[in-house]
Amino acid sequence: MQYSDEDKDRRITQLRKGILELAVMGVLYHDRHYGYSLIRVLSESSSISLKEGTIYPILARLDRDGLVRAEWVESDQGPPRKYYGLTSAGRQLFDELSQEFELLISLVQRKWKAPEESAHRKRLFVQKG
Amino acid sequence: MNNYPDVVTKIANDYLARVKSQLRLVPAQEQEEFLREIESHIFEAYQNTPGEDDVARILAVLRKFGEPAEVVADRLPAAMVRSGAKRYLPLHLLSGILIGLFGIPLGFGGVAVLAGVLLTLAAIVAVFYATMGVVFLTGALFLVMGLIRIYEPGVWDKLVTNGFIHFDRPVADFLDQLPPGGQGLLLIVIAAVFVACGLGMLWLGRYLVRGMRFLFNLAFDRVGKVARTVRTKVREGKQELGRTSEALFVKQ
């Protein structure tokens, strides 16, 4: 059965959606950033390819939910920049979410036993019982 | 963004306009702020993008930034709830009724019902235009009759005696009281009334067609959705089948 690239892309987008939001919160936990600098930080620390514009809906959503505080700051190099920083509610939520994320990531990265081995173990278990 | 070359300003503004057009339902102030933020980003990204060719630079920036639809994707639903609901209430009601009508019978049954309803509506449109055609034709006939009565009384008399033109007793009596010119004029006035009715129908038809187009678009959207659901189901079914056979194989 063929699995199309389109489906793969859709799944990747789906996967990224929540996690990217979490990563943005992580970056804004200690530092204040504006959209462009945030993208820079994110793309410097990994080789993930992001459409830069997609950061803004995330920031807007966080702003709407009161998780970040935004502020326009004048810049001497061009137009003013809108800086974001995590609010205390945002910090608290990030702590909780990152714990949840740890649990999930350990599930994904755990080395599951190969099927033959586990069947073997099951048989042993049955004999003992 | 004054130190942009003109062509770059033009391309950037064009892009911002495309983003803006996607943000129609977002409140004006929020819209403006969002655009200002993006503009600021594009400016800075442009400054930091090396290259000789200005156009290539700005295009590279915009390509990395993404399509307007992607940029505003997550903004729309909430904004729609906040500001769109009021403005488009009649439309929402209409679509609510339509979904209520067509949405409940899902699957092929629903599509069949939808097709039936649409066919009926299309037939109504066809009948409407046919009626309009008849009205115009009647108008034209009365006009010709009126002109013949006035300018060719001989031909008129011949038509009447040959039975091509026939009036019932009360109408004939009434017409006979008028002079030939008056009769012709009356016929032309009747023709004008018919033509006016026809034009009125033509004008109304525009709305009818527009409404129909809306319904048809809605319907095709719905049919497409059903088709997609069916396709995924079939695919899942296949996978299920694959899994079952695998399980059988393992048991043996």
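Select helix α1 of chain A together with the three strands beside it: α1(A) lies across β1, β2 and β3 of chain A, running at about 95° to β3(A), where axes are lines fitted to C-alpha atoms, for helices over the stretch in contact, and angles run from 0 to 180 degrees between N-to-C directions. This is a predicted model, in which local features need pLDDT of at least 70 and side-chain atom pairs count only at pLDDT 80 or more, while totals for chains, interfaces and linings use all residues. Residues are numbered from 1 along each chain as its sequence is written, and chains are lettered from A and ligands numbered from 1 in the order in which they are written.

Helices (H or I, at least four residues) and strands (E, at least two) are DSSP runs, numbered from the N terminus.

**The helix α1(A)**

Keep residues 5-30 of chain A selected: this helix has 26 residues and reaches 37 Å from its first C-alpha to its last, close to the 38 Å expected at 1.5 Å a residue, a span taken as 1.5 Å times one less than the number of residues. At A:K17 the helix α1(A) bends by about 35°, the angle between axes fitted to the seven residues ending there and the seven starting there. Next, pick A:V24, A:M25 and A:L28, which are buried (20 or more other C-beta atoms within 10 Å of a residue's own, with exposed meaning 12 or fewer, partly exposed in between, and C-beta atoms placed from the backbone).

**The sheet**

Now show the strands of chain A, which make an open sheet of 3 strands in the order β1-β3-β2 with antiparallel pairing (two strands pair if DSSP finds at least two bridges between them). The edge strands are β1 and β2 of chain A, each pairing on one side only. Between β1(A) and β3(A) there are 2 bridges, and A:Y34 has A:Y83 in β3(A) as its bridge partner. Between β2(A) and β3(A) there are 7 bridges, and these two strands form a hairpin with 2 residues between them.

**The core and chain B**

Finally, select A:L59 and B:I42, which touch the most other members of the largest nonpolar core, a group of 36 residues (buried Ala, Val, Leu, Ile, Met, Phe, Trp, Tyr and Cys residues joined through C-beta atoms within 7 Å). Leaving aside neighbours within four places in sequence, B:I42 is in contact with B:A12, B:V61 and B:F65, contact meaning that the C-beta atoms, placed from the backbone, lie within 7 Å.

Definitions and conventions
Contact = placed C-beta atoms within 7 Å.
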